[in-house]
Amino acid sequence: MNDDVEDLDINDPEKPHHARFRILVCIDGSDESYRGLRYAAKIAKGEDVDIVLCYVRPADQGLRSGGLQMDVARGNMLEWGLELPGLTYLKKGRDLLMELGNLRDDWAEQAFHTDISGTSLGDNKIDYTAKSGKKIVLKLKVARDVVTGILDQWELGHYDLIIIGASARWSGKGLKGFFDPAVAEKIAIHAPCSVLVARDLEIGHGHLVCTDGSEAATEMIKKDAYIASLCECPISLLAVAPDVESEGEARKTVNGARKLLVDMDVNVAETLTRVGNAVDEIVEAGPDYSLIVLADGGKNGLERFFVGSVAMKVVQTAHNSVMVVR
Amino acid sequence: MSDGDPGPAKPGSVRARTAGRALKLVKPIAGLRRRGNYLYFWEKRWFFIAMAVGVGLMYMPTPEGLTSAGMTILAMSVVATILFVTEPVPLPTVALLIVIGQVILMGIESKEVARSLMSDSVLFIMGSLMLAVAVVKQKLDTRIAWILVRMTGTKTSRIAFGIALVSGVLASFVGEHTVAAMMLPVGITLIQLTSNDPKKVRNLAAVLLFSISYGCSVAGIGTPSGGARNAIMIGYWKEFFYDPLNPESFQYLIDYVHWMMYAYPIFLIQVPFVTIILLITFRPEYKDLSRAVVKLRAQVEKQGAMKAGDWVAILIFFLVLLGWIFGSAEYGMGTIAILGAAAFLIAGLVAWPDVNSGVNWGVVLLYAAAISLGVQMKDTGAAAWVAQNFLDILAPLGMDKGVGLWAAVSLLTTTVTNTMSNGAAVAVLGPIVLKLAVVAKESPIVLGYITAVSSAFAYLTVVGTPACTIVYASGYLKTTDFLTVGWKMVVMSTIIMLAAAGLYWPLLGG
C-alpha cells in the first residue's frame, strides 16, 4: 500500500503490517491501564486489528540504588522463583484478553529476546498469532525512560493508536515529577499517531467528537469514524462557539461534519453546540461519553508544548478519557 | 481520500472501515513528523539550562570575600547539583564534566586532579559495593528469613518488627542496598504466600516492604560501613581538620568504634518506632501469617543443610567486620573492604563477571569526582563563603548556634537528600556544613554527624535511599505511599537525632 515506510524496519519482526490496524496499549499495572486494554479489546474484535501490550522498565541509574545494580536485586527475586512486576502485569493483561475472547489457546505462541546493553534482562516479547494472521504481542521493554521507551516502540511498529492510562505509577518520581509533565501527557504531545489517554475509561457511552471545522478536524472525524466503527460506538458531534454571535457558525460546522459522516455511512447519534471557552466547555460536556475525541492542532511537538493547543489543555484537565487524533 | 460514495448507514459499516484504511496513506507524512531534533533538545533541556546558569555565574562579578577560583568551583557545584537532580544526562557524565572543569576552568594540573580522585573513602565505596554483590550471591537470605520467623512467630506485627530489626542490624554493617536486595524476595514471598491477589494484601505488602526499606535506611547510619555517606564524612573530617603535626587535631580521625558509639544507639531506638508508624499507617489486612510461614519453611527445607561454602562466606564476612573495627585506623577502611572483596573472589564464592555487572562503576566515579569537588570547595574558600552567608541568613532567626543550627543543618540535609542519593547529598553538603561549624564555633564533629545521619531521612521519595529504590521495584508500592508514611518517619527520626545530639553525645565528650 505505502512503500515509503515499508523499508524502514524490514528486518524487524515487528515491522508494520499496513493492512492492519495496530493498537499499542501501555500497561503499567494500574487499573487505568487495564481499562484501556478492555477498550482496545473492544476495538480489536475484528480480524484485522492487532494489539500490542507494552510494559516499559526504565533503565537503572545506579546512583539511586547506591551503586549496586538493580539487576542484583532482580536476579535475587528471580532465583526465589518470583516474577518481576512487568511480567506479572503483562500476564494479567493477557489473561484479561483471554477472558474477553480476544485471545484463544489455539493461537501460535512464539517468544523473542533482545539483549540490551546495561541490563541482564533485555527486551522480551511473546507473540500470539491466530490462523487468520491476527496478532497479540506482549512486550517487556527496557528504555532510558518510559516516554522514550513507548516512542521507540512506535518507531518499531508504526501503530495507529496508542492507549495509555493517566495513572501515577509512571509519572515522574520525586522532585522530577514537579517539573516534568506526566508520561501520558508527554506521549500525547510527542507520539506521531493517535493517542488515547485513559481516565476512568468506560465502554459503551460513545465518542464525543469535537470539531472546529478545520482541515485537521475533518481528517480527525474520518479517522474516528473508522475507530468508532471498529468498536461500534455511537458518535456525537460537538462544536464550541466563542460567543453567541458565532453560534450559527458552530452549528454549520457540526452539520458539515454530520454530512461527512453520513456520507461515510456512519450514524451520528446527536449534534451539539455550546458557547464559551472551548477547553472548559469540552471538559464539562465530556463525562457523559466514553471519550472525548479531538484533532491535534497540527503543530509539531515543540510548538505544541510552548503554544499549547486546545487538545493538550483538554488532555490535561479533562475528567474522563481523551483521544487526540493525528 | 476516496470515501465519498453513499451507502447503507450503520455504525461498523465496511465502507467506513475502508475509508479508515485509505487514511493510512497519511503515514508517510506522519513519518516526517517523527521525533525530530526538537525532542532531543527538549529531553536535554536541563543540561542546557544548567550550562547557561554555570556560564552566567562565571561571568557574574565575584562577590566580596570570594576568590575567582572559589567562584568557578561554586558555579561548577551549582551546575553539578542541577544535573544530579534533573538527570538530563547519564550521571557518570557529571563526574567526567567535573574532572574536565577542574583542569580546564580551574587550571589545576591534570596530574593533581587525577590524584584527588582516589582516596580511602572511594576505595571503601568500591570495595563495599563488590562485597555487597558477593554477599547477595551467597543466597543466605532463605536462612535469614527462616531464623527470623522462628524468632518472631507468625504474628504480623512481630514479623514486621523482626524484619525491620534484622534488616537493620545487617544493613548497619553491610550497607542498606545489600540487605534490601537480599530481603526483598523474603518480603514478597511472605506476601505472595498469603494471597496472590495484590489488592487483598496491599497494606500487608506496604508494612512488610517498608519494614525492609526503612529498617535498612535507619540502620545505614549505624556504622561507617553502613553507607557511602559515612565514609565520605569520615574522609572530609580527615581532609579538613587533620594535621599530623598537631596532636589536638587527632580527634578528627574518627574510627569504626567511635562512629558506632555515636550513631548505633540512634538506629536501635528508631526500630520500634518504625514498626509502630508502619502498623498505624497501613493497618495490615492479616494479623497472622501462619499459612505463609508454613510454606516458607517448606521452601527453606528444600535447600538442605548449610554447605561448607556458606560457612566460609560467613567467616570471611566476620573477618572483614573485625578488620574494620580493629584495623581501619591503621590500614584504612577502604583497604579492608577491597581485601574482603578479594577474599570472596579467591575463595571462588563469587565470579568476577557477577561482580563486574553487579556494581555500577559509574557511581564510584561519581563519588570520586564529587569528593574531589568538595575538597576544592574547601581549598578555594568557597565552602567557607557559602557557610558564612548561610549563617547570616540563619542569624536573624536565632538559628545560628546550638540546637537551632543543628535543626537548620538537619533540615537542609533532609531536603537535599530527598532529591538525590544520600551519598551525593553528603558529598555536596559536607564541606559547607563543616565550614559552617568552624564559622559558628560549633563542633565540626557534631554537625558532621548531624549531616550524615540526616542524609538517611530520605523517606519521602522513591529515589531518596537505595533501599527505597530497590523495594519500589517490587511493584507493590505506589509513589504516594512514600509520602503518606515518610513524613511521620522524618519527624520521628529528626526528634530522636536532635535528642541524641543534645543529651547523649555530650556524654561521649564530643
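Let's start with B:I496, which touches B:I266, B:I269 and B:Q270, leaving aside residues up to four places away in sequence. Keep in mind throughout that this is a predicted model. B:I496 sits in helix α25 of chain B, residues 479-504. Is B:I496 buried, exposed or partly exposed? The count is 18 other C-beta atoms within 10 Å, and 20 or more would be needed to call a residue buried, so B:I496 comes out as partly exposed. For a sense of reach, take B:G227: B:I496 is 269 residues from B:G227 in sequence, and the C-alpha to C-alpha separation in space is 20 Å.

Staying with chain B, let me show you a helix pair. In general, two packed helices are described by the angle between their axes and the distance between the axes. Here the pair is α21(B), residues 402-419, and α23(B), residues 444-454, with axes that come within 8 Å and cross at roughly 35°. The crossing of α21(B) and α23(B) is right-handed. Which residues make the contact? From α21(B) we have B:W406, B:V409, B:S410, B:T413 and B:T414, and from α23(B) we have B:L447, B:I450, B:T451 and B:S454. If you sort that contact by class, you get 4 nonpolar and 5 polar residues, and no charged ones.

Now zoom out to the domains of chain B. The assignment gives domain 1 as 39-109 and domain 2 as 120-508. Their C-alpha centres are 29 Å apart. Domain 1 of chain B puts 20 residues into the contact, and domain 2 of chain B puts in 17. On the domain 1 side, α5(B), 68-86, and α6(B), 91-104, each supply at least two residues. The most comes from α5(B), with 10 residues. By class, that side of domain 1 of chain B has 14 nonpolar residues, 6 polar and no charged.

Over to chain A, then. Chain A has 12 helices and 12 strands, and 51% of its 326 residues count as buried. For those of you who think in contact maps, take the contacts in chain A with a separation of 6 or more: 74% of them are between residues 24 or more positions apart.

What is the strand order in the sheet of chain A? Reading across, the order is β3-β4-β5-β2-β1-β6-β7-β12-β11-β8-β9-β10, an open sheet of 12 strands with mixed pairing. At the edges stand β3(A), 108-114, and β10(A), 268-275; each has a single partner strand, so one side of each has no neighbour in the sheet. From one strand to the next, the twist averages 20°.

Let's visit a few of these strands. The edge strand β3(A) is hardly covered, with 0 buried among its 7 residues. β3(A) runs antiparallel to β4(A), residues 123-129, and 7 bridges join them. One place to look is A:H113, which stands opposite A:N124 in β4(A).

Now look at β1(A), residues 21-26, which is mostly covered, with 6 of its 6 residues buried. A:F21, A:I23 and A:V25 point one way, while A:R22, A:L24 and A:C26 point the other way, and all are buried. β1(A) runs parallel to β2(A), residues 49-58, joined by 6 bridges. The bridge partner of A:C26 in β2(A) is A:C54.

One more pair: β7(A), residues 194-198, and β12(A), residues 321-325, pair in the antiparallel sense over 3 bridges. Within that pair, A:V197 stands opposite A:V322 in β12(A).

That brings us to the domains of chain A, which are assigned as domain 1 (17-198) and domain 2 (207-325). Their contact takes 15 residues from domain 1 of chain A and 16 from domain 2 of chain A. On the domain 1 side, α2(A), 31-43, α7(A) and β7(A) each supply at least two residues. The largest share there is from β7(A), with 5 residues. By class, this side of domain 1 of chain A has 10 nonpolar, 3 polar and 2 charged residues.

Last stop, α7(A), residues 183-190. Why is this helix described as largely enclosed by the rest of the structure? Because 8 of its 8 residues are buried. Among the buried residues are A:E185, A:K186 and A:H190. Thanks, everyone!

How values were computed:
Residues numbered from 1 in each chain as written. Chains lettered and ligands numbered in written order. Predicted model: local features only at pLDDT ≥ 70, side-chain atom pairs only at ≥ 80, totals over all residues. Axes fitted to C-alpha atoms, helices over the stretch in contact; angles between N-to-C directions. Helix = DSSP H or I, 4+ residues; strand = E, 2+ residues; numbered from the N terminus. Left-handed = near helix turned anticlockwise from the far one by under 90°. Contact = placed C-beta atoms within 7 Å. Nonpolar A, V, L, I, M, F, W, Y, C, P; charged D, E, K, R; others polar. Buried ≥ 20, exposed ≤ 12 C-beta atoms within 10 Å, placed from the backbone. Domains from an automatic or database assignment. Pairing = 2+ DSSP bridges.
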